Amino acid sequence: MAATALGYITDVDYIPGFYPHMSPVAMRYAASLNRVVPPSTAGRFRYLELGCGLGRSLTTLAAANPQGEFVGVDVNANHVAAIDRDIAAGELTNARAIASDFAGLPKDLGRFEFIALHGVFSWVAPEVRQQILALASEHLAAGGLLLVSYNSMPGWAHLQPIRGILRQYAALRQGDTVQRIRDALNYLVFIRDKKAKYFEDNPRAAAYVDGLLKQDLRYLAHEYLNEHWTSFYFSEVAGMFGSAGLSFVGSLPIHTNFWDLCVRPEFQELFRTTSNRLVTESHKDFCANTAFRWDIYAAEPRVMQSPEERLKQVDDLYFRAARPGISLPHQVNLGVVTSTVQGPLYETLLKTLSDRSLSLPEILKDKQLKGNPAADLIRAVDAGVAMGLFDVSARPVEAAAGAAVTEQAVTVASPFNRAVLASDALGGRPVALASAATGTGHTLGDFDAAILHELSSGGPDGLVQRVDARLTGSGRSLQQEGKPVTDPEARLKLVESACSAFRSTSLPQLAQLGIVSAAT
């Protein structure tokens, strides 16, 4: 297994992927929810991603935030070359990638309002983590936000032996890294199926193996075979970033900031009796058996002194219904607790935010919501976001914008989105397109991406036949009742149905987000 001197695998490229938690809009909203003033993105800002992999989050966010400057760093030169190709194809003038380890970065890198590292902190050597902390201390601007993800305890306690088995067995095998992880996974399945005592005593670990079988081998190699794989307790990570002068702000996804959505009622008394966030976060992790965290830290955070200050500091965050047709009561299970949203206040909010997006100040002034205390309205909006009822965007999103595109030819204005559709449609992975309206990416299935690519590049005439031919040429098949459809006529009917559903449902939403528009 080829690796750097610090034990990180470099002979296998990582898999591409877009992670919406890394967006400035998500980080800003989470900070404001926790009464911390976030950096502004109304004008120029700077964003640094450490360990950016193939850079799809970096480039998607750059395309969605043309006013920002985005810099990615990765030790793998192949990754950086791929990012450079995406930057060129997408005509991105506000993004660049640096091929470097963290110790060799340019001295004039400057300061950033946002720093993000996903899939890095738990997978690098201790000395590299120290380099990350030094970089955070030096390059995060005052008031800036840092997002770090990591494998966490106690959720990984019963699963760590799986990583040990995979790494130990892979080291004994021949071939390249992909072959070694394949052999190790086959061995893991063998001992699981033969009822090794570890799996008998840990049924959740036995079930976890089934999930591994569905993963890309490249992902598994990077996830499990790096020499310094580590899982952390929250308090350990908070202590490390605290030593670098950073303060814990909050976490993503948004519901993790609501203890009553993460912890069963019998464990909630502690949250009412202490304001020590380090204590409550650790308590929450044990009650929820947390295995992965996305945490946000700030340099010299400025705490909002009142609810009114929040209205002024984040009046450029907008809220809208998460999807068309959503209705109440809305029930969600977020892993431990099942919660339900219902009642007249939510009914009125949902109706209001289904027609258009509004900022918090605008929500408080809306005629239909008059008579509700401001605190109740803000609390309902935040809870609605946490439970998937509402989405947050960087700019207004108007529902009426999607009405005119269902029966027309459409165009995709962004060169970046056109390049992504051309390269990633029918690629076997979700496809993220940049939306300047939301300030983040919008994800489509790869089959829907193929429909959009054909519709925008070739027009509506003959769309079904072109999509069907493309599907056939790709070697992919459509499924019906769990079985592949091989009959050409039956497949064509499924493609026709999919195209019709896409045009009536997905296309208006893409128009609202500014990703498509009616062709002129």
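## Two helices that cross

At roughly what angle do the axes of helix α2 (residues 56-64) and α18 cross? Roughly 145°, and the two axes come within 10 Å of each other. Keep in mind while you look around that this is a predicted model. On the α2 side, the residues that do the touching are Arg56, Thr59, Thr60 and Ala63, and they meet Phe416, Val420 and Asp424 in α18. Sorted by class, that contact has three nonpolar, two polar and two charged residues.

Thr60 turns up again when you look at Gly441, a residue of strand β15. Setting aside neighbours within four places in sequence, Gly441 is in contact with Phe18, Thr60, Leu433 and Ala434. Its C-alpha atom is also 9.0 Å from that of Ala63, although the two positions lie 378 residues apart in chain terms. Gly441 counts as buried because its relative accessibility is 17%, and the cut-off for that label is under 20%.

## The seven-stranded sheet

Now for the sheets. One is an open sheet of seven strands in the order β3-β2-β1-β4-β5-β7-β6, with mixed pairing. At the edges sit β3 (95-99) and β6 (246-252), each of which pairs on one side only. Ignoring direction, neighbouring strands here are turned by 20° against each other on average.

Let's walk through some of the pairings. Strand β2 (residues 68-74) runs parallel to β3, with five bridges between them, and Phe70 has Ala95 in β3 as its bridge partner. Five bridges also join β4 to β5, again in parallel, and there Phe112 is partnered with Leu140 in β5. Eleven of the twelve residues of β5 are buried, so this strand is largely enclosed by the rest of the structure.

Helices lie across this sheet too. Helix α1 (residues 24-33) lies across β1 (45-50), β4 (112-117), β5 (140-151), β6 and β7 (292-299), and runs at about 100° to β5. Helix α3 (residues 77-89) lies across β2 and β3, running at about 165° to β3.

## A three-stranded sheet

There is also an open sheet of three strands, ordered β11-β8-β12, with antiparallel pairing. β11 (358-359) and β12 (390-393) are the edge strands; each has a single partner, so one side of each is left without a neighbour in the sheet. Strand β8 (residues 318-321) is joined to β11 by two bridges, and Tyr318 stands opposite Ser359 in β11. Helix α17 (residues 374-386) lies across β8 and β12, at about 100° to β12.

## Nonpolar cores

Which residues touch the most other members of the largest nonpolar core? Leu349, Ile363 and Leu452 do, in a core of 102 residues. Apart from that core lies another one of 35 residues, among them Ile98, Phe121, Ile132 and Ala136. As a rule, nonpolar side chains in soluble globular proteins tend to be buried together.

Leu349 makes a handy place to start browsing. Leaving out neighbours within four places in sequence, Leu349 is in contact with Ile363, Leu369, Leu377, Ala380, Val381 and Phe390.

## Helix α19 up close

Leu452 is among the buried residues of α19, along with Asp446, Phe447, Ala449, Ala450, Ile451, His453, Glu454 and Leu455. The buried residues of this helix pack against β13 (410-411), α18 (415-424), β14 (431-435), β15 (440-444), α20 (463-474) and α21 (488-512).

The length of α19 checks out as well: at 1.5 Å a residue, its 13 residues (446-458) should span 18 Å, which agrees with the 18 Å between its end C-alpha atoms. Just past the helix, Gly459 takes a positive phi of about 85°.

## Backbone oddities

Two cis peptide bonds deserve a look. Leu252 to Pro253 is cis, with omega near -5°, and Pro253 is in the loop between β6 and α11 (259-262). Leu328 and Pro329 are also joined by a cis bond, with omega at about 0°; Pro329 lies in the loop between β8 and β9 (330-333).

Positive phi values show up in residues other than glycine, too. Lys195 has phi near 65° and sits in the loop between α6 (177-193) and α7 (197-201). Leu426, in the loop between α18 and β14, has phi near 60°. Is each of these buried or exposed? Lys195 is exposed, with a relative accessible area of 56%, whereas Leu426 counts as buried at 13%.

Definitions and conventions. Residues numbered from 1 in each chain as written. Predicted model: local features only at pLDDT ≥ 70, side-chain atom pairs only at ≥ 80, totals over all residues. Heavy atoms only, no water. Helix = DSSP H or I, 4+ residues; strand = E, 2+ residues; numbered from the N terminus. Expected span 1.5 Å × (residues − 1). Buried < 20%, exposed > 50% of the residue type's maximum accessible area, 1.4 Å probe, protein only. Contact = heavy atoms within 4.5 Å. Axes fitted to C-alpha atoms, helices over the stretch in contact; angles between N-to-C directions. Nonpolar A, V, L, I, M, F, W, Y, C, P; charged D, E, K, R; others polar. Core = buried A, V, L, I, M, F, W, Y, C linked by side-chain atoms within 4.5 Å. Pairing = 2+ DSSP bridges.
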